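User: Hi! I am just starting to read protein structures, and I would like a close look at a single part of this one.

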Amino acid sequence: MVGTGGSEGRVDAQDLQDTLSQIRLHELLTELGEHIGKITEAREQFDGLLRAMLVISASLDLDDTLHSIVESAKRLSGAEYGALGIRGENDEITSFIFDGIDDEAAARIGPLPTGGGVLGLLIEEPKAIRLSDLSAHPSSIGFPPNHPPMSSFLGVPIRIRGEVYGNLYLTEKSGGREFTDDDEAVVQAFASAAGTAIENARLYDDARTRQSWIEATRDIATELLGGTAPDDVLQTVADKALMLTAGDLAFIAVPNDPDAQPEDVTELIVHVASGKRSAHPDVVIGTVLPVHGSTSGASFRTREPIRTSRLQFNATASLPEDYGPALISPLRAPDRVTGVLVVLRRDAADAFTDMQLDLVATFGDQAALTVQIANSSRRLREFDVLADRDRIARELHDHVIQRIFAAGLSLQGTAQRTTSTDVRNRLASTIDELQETVQDIRSAIFDLQSEDMGGSALRRQFNEIIDEMVDDSGLRTTVRVSGPLSVVDTPLAGHALAVLREGISNCVRHAHAKTVVVTISVGDDLTIEITDDGCGLPEVVSPSGLKNLRARAKECGGDMKIGSAGDTSGTTLTWSAPLP
């Protein structure tokens, strides 16, 4: 009995030990399965990390890279929402790239975050933050209306060369779970790779930007040296600066007197402007900027480029839009500042960067130097033209006039020896024409020796009007010009051209003449005399045309007379005005 009872006790103990061993084995197998699952999950995350690194390194475009980082971080961590906030100079979020919320939902939410609440913690202390309930954190400021609910949160800073470029925000782990230590470790590793990818994209973007500025400088130099007018080139400078800085409005302001010493300049005038059509850039042209009391004036005086959040003097007050961020660069030539280049963005737009200021300043200096070189080249060409004109004038005076004068003396001697009245009259007429030719050549010599090239242009305009008015009319015209046309200023020249057109028109339409003689002389007055050999003045004269001629004479302080042409039946119109 005793032996039998001992045997049963040993069997029960063995069964219990076997049962406990099976339970322990099951637990070990369960733990092993969990470890294998974690290893598998870790391997999947590691593979995902490698794929994500390859994805974000595939493009060198900065915007594409930033969006790719957010999308890859979401997939890597299993988050529903992701965002990348880029830090600005004042530790605020200046740009916010997000994924997981469509544009329509984003519009309902309203303005993007600027760095308050929990998002600001990463700005104040740039280290990883992992929360199970975002709204329960003491720094939480809640969500704006229409914002989707978010609870789990993982934030990681992105550093570039030791400086925080921005912060990566991930929320709502899939399945309602919390972010794990492994998620945090993987996302931190990904953030390091993202910093490298961003730096590469930024360097590439900077290189492209600098190349664009170099090409813009080359285009301006090509235009100037190719003979393009300086005003057109300044317009190109404003256009290029606007495009390359992504600005909304650009203008160039210059002193009213370009030859004035910088210390004597008190005002700058907007000379050219560029902008989108909706920005109404032309309205700004002509705006006067005080040298003292304006940011543009300060840049002009100090010869230093300036970057500011708002101009001290509101140069765009006449425009409906408000402007804020500004770049002001002096156009620095070696010996003076020729003006200032100003680029503006609309109010509340992103501020310009220091790199953009440096590039605009370099661009402005190159443009100013190129303009100065082009002006110097133009002056040299003008000197060459003037020297050539002076040579031609000497040739005309020393050779041509003397030969014509000698021919006239010879004809006078011949006329005295002939007995034929007809021959004598023809010779006398020829001598008179030679005398008139000498007078015309002398006037041409005076114009050639004048530094103002306007005389030749005005003479050409006179001839063009006469040719146009008498074309197909059968009238034989004689034009006599004496005196320096180059001293006639633009307003008086405009009146003179209108008077000549009206006078010739009257001869063609009403005089029934065969010849008309136009005499234009410049002395103390500009005098235009038009004489025809027609039928003379009718008894009733239409006052409209003559009224206009008298009005023009009165406006210029001159006089207009019309009467018979001496002994003939023709008419003489005389219009005169004093020179300014």
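User: Which residues gather in a patch of negative charge on the surface? Please show me how one of them sits in the chain, and then compare that with some other places.

Analyst: Happy to help! Keep in mind that this is a predicted model.

The patch of negative charge on the surface is formed by Glu-464, Asp-467, Asp-471 and Asp-472. Let us look at Glu-464, one of the residues in that patch. Glu-464 belongs to helix α10, which covers residues 454-470. Its relative accessible area is 46%. Since buried means under 20% and exposed means over 50%, Glu-464 counts as partly exposed. A residue needs over 30% relative accessible area to be part of a patch, and the 46% of Glu-464 fits that requirement.

Now for some buried places. Thr-418 sits in the loop that links α8 (354-417) and α9 (421-449). Although Thr-418 is in a loop, it is buried, because its relative accessible area is 17% and the cut-off for buried is under 20%. Setting aside residues up to four places away in sequence, Thr-418 touches Val-423 and Arg-424.

Next, take a strand. Gly-82 is part of β1, which spans residues 79-87. Gly-82 is buried too, with a relative accessible area of 6%. Not counting residues up to four places away in sequence, Gly-82 touches Val-70, Lys-74, Ile-97, Phe-98, Asp-99, Tyr-169 and Leu-170. Tyr-169 is a nice one to find on your screen: Gly-82 and Tyr-169 are 87 residues apart in sequence, yet their C-alpha atoms are 5.6 Å apart in space.

Another strand, β16 (residues 571-578), holds Ser-576. With 18% relative accessibility, Ser-576 counts as buried. Leaving out neighbours within four places in sequence, its contacts are Leu-526, Thr-527, Ala-553, Gly-558 and Asp-559.

Finally, step back to the whole protein chain. Its secondary structure comes to twelve helices and 16 strands. Of its 580 residues, 39% count as buried, and Thr-418, Gly-82 and Ser-576 are buried residues you have now met. The pair Gly-82 and Tyr-169, 87 residues apart in sequence, also has a place in the wider picture: among contacts with a separation of 6 or more, 61% are between residues 24 or more positions apart. As for the outside, the protein chain exposes about 32,200 Å², and carbon and sulfur atoms supply 51% of that area.

Notes
Residues are numbered from 1 along each chain as its sequence is written. This is a predicted model: local features need pLDDT of at least 70, side-chain atom pairs count only at pLDDT 80 or more; totals for chains, interfaces and linings use all residues. Side-chain values use heavy atoms; hydrogens and water are left out. Helices (H or I, at least four residues) and strands (E, at least two) are DSSP runs, numbered from the N terminus. Buried means under 20% relative accessible area, exposed over 50%, partly exposed in between (1.4 Å probe, protein chains only). Contact means heavy atoms within 4.5 Å. Patches are made of residues with over 30% relative accessible area and no salt bridge: like charges are joined within 9 Å, nonpolar side chains (Val, Leu, Ile, Met, Phe, Trp, Tyr) within 5 Å. Accessible areas come from the Shrake-Rupley method with a 1.4 Å probe; for residues, only the protein chains shown count as cover. A salt bridge is a side-chain nitrogen of Lys or Arg within 4 Å of a carboxyl oxygen of Asp or Glu. Lys and Arg count as positive and Asp and Glu as negative; His and the chain ends are not counted. The place of a charge is taken as NZ of Lys, CZ of Arg, CG of Asp or CD of Glu.
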